[in-house]
Amino acid sequence: MNTPVKLLKPTLSLFLLSSLTAGTLLVAEPAKIKIDLDRTVDEIDPKIYGSFLEPLGRFPVVYGTLYDPDSPNSDENGFRKEYIEQVRDLQVPVIRWPGGNFVSGYNWEDGIGPKDQRPTKLDRSRTRPESNQMGTDEYVAFSKLVGAEDFICINAGSGTIDDASNWVEYCNAPVGTYYADLRAEYGHPEPFDVKYWGLGNEADGPWQIGYKTKEEYVRFATEAAKVMKMVDEDIKLIASGSSLYPLVTTTYDPDDGWIDWNDYILDQMYEDIDYISLHRYATQALRALEEPTFADTMSLGLDIEEKIVITKGLIEKAKSKAESDHEVYISFDEYGARGNTLAGPLLLSQHLNAFIRNADIVKMANLTFLTSLTGITEDGSYKTSLYYPFSLYSNNCRGVSLDVYTKGETYSNELFEEIPYLDVTAVLNEEKGAVFLNVVNRSDTDAMEADIELQSGDYTGKAIARTVTGDSIDATNTAEEEAVTIREENVSVKKNAIRYSFPAHSLTQIEIALK
């Protein structure tokens, strides 16, 4: 792992230990990055490049973008062709659906059967009409079209354990029972074989329909898991980890907070689940600051790492207490990189770096939302600023996560101490015959020079740097102009060493070819 994470204090306020001004370097000494192919973390699960869909009213995520039967650019299923093409190019391996807050009031049976007979219901999570035109069958069809696995989240708010088990029967049971025969009647005699099932969404959140105490949630989720497994014993279950952190609501109780929730869920349900979910929108931490800066936003990768490291410890504790050989992993199945300016792609890159650094425990992740990766207009599509970093990671960073040594300049703010200017990961991709080095330069003003030492491995002496950046931190992409793109250049490798200057406010991925 890189420079150790300084964990966020409960008050979200730390004393400034340095007079170093964020974004301005006082020392110009090159950073050091050491890569040893024998120092590995674990195999990277491709599912960390997953995404998430949820019907929303305030901006189109499903209807009008992904699903638009009235558009001349849609296929026979009603899906926008440009969208399908771009998602395929991104190699998104798993898509979580249908929520999100939406699912806690959702009756899945409203979204099956002939479309002209489906009821328009009130989505109580956002007080808007829901047409139910994209239901289970359409979601499964879309996932298949883009080559993604299915991940359905059940209603653990207003729903029942019968609703959950019937949904599994509809999706996965062979014909011969009521719900499986219903699926066949609607045109799908073969089971969908949905493998991943979430046991509710953000069940500890007061904003959630039917939110629960940790004791209430465990009682419901344990029974739901039991009856769902009675239908299909091969499914993988994801427990609802906490989403209630300091500053998310005014009712947060530090004496019974997010760590206590996750600890209790893992203690009570360890043998029943395969993953515990983490939901975190890191920009919520900025509520502690009066006027957050770009440098403050760039520190939020440490917030994500904190949530992972603490939860990993709780998993290890539960496993030891249970005296179990069973493995439970983290599914970071809601996270966001808000904004279409450079802050978005650089924060997204820091999330992906955190998942890669913790590849031994983070085995699935789902970006909110799939539609944030591509822009759709009436006439066509364009690539948002998030598209480019996601593409570099999802296409290239598959293989083995390497334990990289990094030493360089840091800064501090009111949230964290000793924030490395360079956020670094490396991946050995044997299929592509290369090491991929990923470096985010958090500085908004200064390029950062680094000496990269390749301590083991045979290299061809060829390397390519691909950099995502723009002319300023406010650079953004629209249908008219893509100001945030990938810039490519050849890099010299001399005696297994590279000296490279990482531009200000950038992500750079260096592909270092192996012999």
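1. Let's begin with two helices in this predicted model. Helix α1 covers residues 81-90 and helix α2 covers residues 136-146; their axes come within 9 Å and cross at roughly 55°. Angles between 35 and 65 degrees fall into the oblique class, and α1 and α2 are therefore oblique to each other. Look for Tyr83, Ile84, Val87 and Arg88 on the α1 side, which meet Phe142, Leu145 and Val146 of α2. In this contact of α1 with α2, six residues are nonpolar, none is polar and one is charged.

2. As you look at such a contact, keep a general point about helices in mind. An α-helix has 3.6 residues a turn, so residues three or four places apart point the same way.

3. Helix α1 has a second partner to find: its axis and that of α10 come within 8 Å and cross at roughly 45°. Here too the verdict follows from the angle: α1 and α10 are therefore oblique to each other. From α1, the contact uses Gln86, Asp89 and Leu90, while α10 brings Tyr387, Phe390, Ser391, Ser394 and Asn395. This contact of α1 with α10 divides into three nonpolar residues, four polar ones and one charged.

4. Now for the barrel. Which strands form it, and in what order? Eight strands close up in the order β3-β4-β7-β8-β9-β10-β11-β12, and their pairing is parallel. On average, neighbouring strands of this sheet are turned by 25° against each other, direction ignored. For a pair to trace yourself, take β11 (residues 329-335) and β12 (residues 362-368), which run parallel and are joined by four bridges. Phe332 has Ala365 in β12 as its bridge partner.

5. Helices pack on this barrel sheet as well. Helix α6 (residues 258-269) lies across β8 (196-199), β9 (236-239) and β10 (275-280), and runs at about 165° to β10. Helix α8 touches β10, β11 and β12, with a direction that makes about 155° with that of β10.

6. Stay with α8 for a moment. This helix spans residues 301-322, which is 22 residues, and reaches 32 Å from its first C-alpha to its last, close to the 32 Å expected at 1.5 Å a residue. What follows α8, and is its phi positive or negative? The next residue is Glu323, with a positive phi near 50°.

7. The other sheet to find is open, with seven strands in the order β2-β15-β19-β20-β25-β22-β23 and antiparallel pairing. At its edges are β2 (40-43) and β23 (485-492), each of which pairs on one side only. Neighbouring strands are turned by 20° against each other on average, direction ignored. Try following β2 and β15 (residues 400-402), which pair in the antiparallel sense over three bridges. Across this pair, Asp42 stands opposite Ser401 in β15.

8. Two helices accompany the open sheet. Helix α9 (residues 343-357) lies across β2, β15, β19 (422-429), β20 (434-441), β22 (459-469) and β25 (506-514), at about 55° to β19. Helix α10 (residues 387-396) packs on the sheet too, touching β19, β20, β22, β23 and β25, and its direction makes about 25° with that of β25.

9. A last word on confidence. The protein chain has a mean pLDDT of 92, and 93% of its residues reach 70 or more. Please read residues 1-27 with care: pLDDT stays under 50 there, and the model has 64 contacts beyond four places in sequence for this stretch.

Methods
Residues numbered from 1 in each chain as written. Predicted model: local features only at pLDDT ≥ 70, side-chain atom pairs only at ≥ 80, totals over all residues. Heavy atoms only, no water. Axes fitted to C-alpha atoms, helices over the stretch in contact; angles between N-to-C directions. Parallel < 35°, antiparallel > 145°, perpendicular 65-115°, else oblique. Contact = heavy atoms within 4.5 Å. Nonpolar A, V, L, I, M, F, W, Y, C, P; charged D, E, K, R; others polar. Expected span 1.5 Å × (residues − 1). Pairing = 2+ DSSP bridges. pLDDT = per-residue confidence, 0-100.
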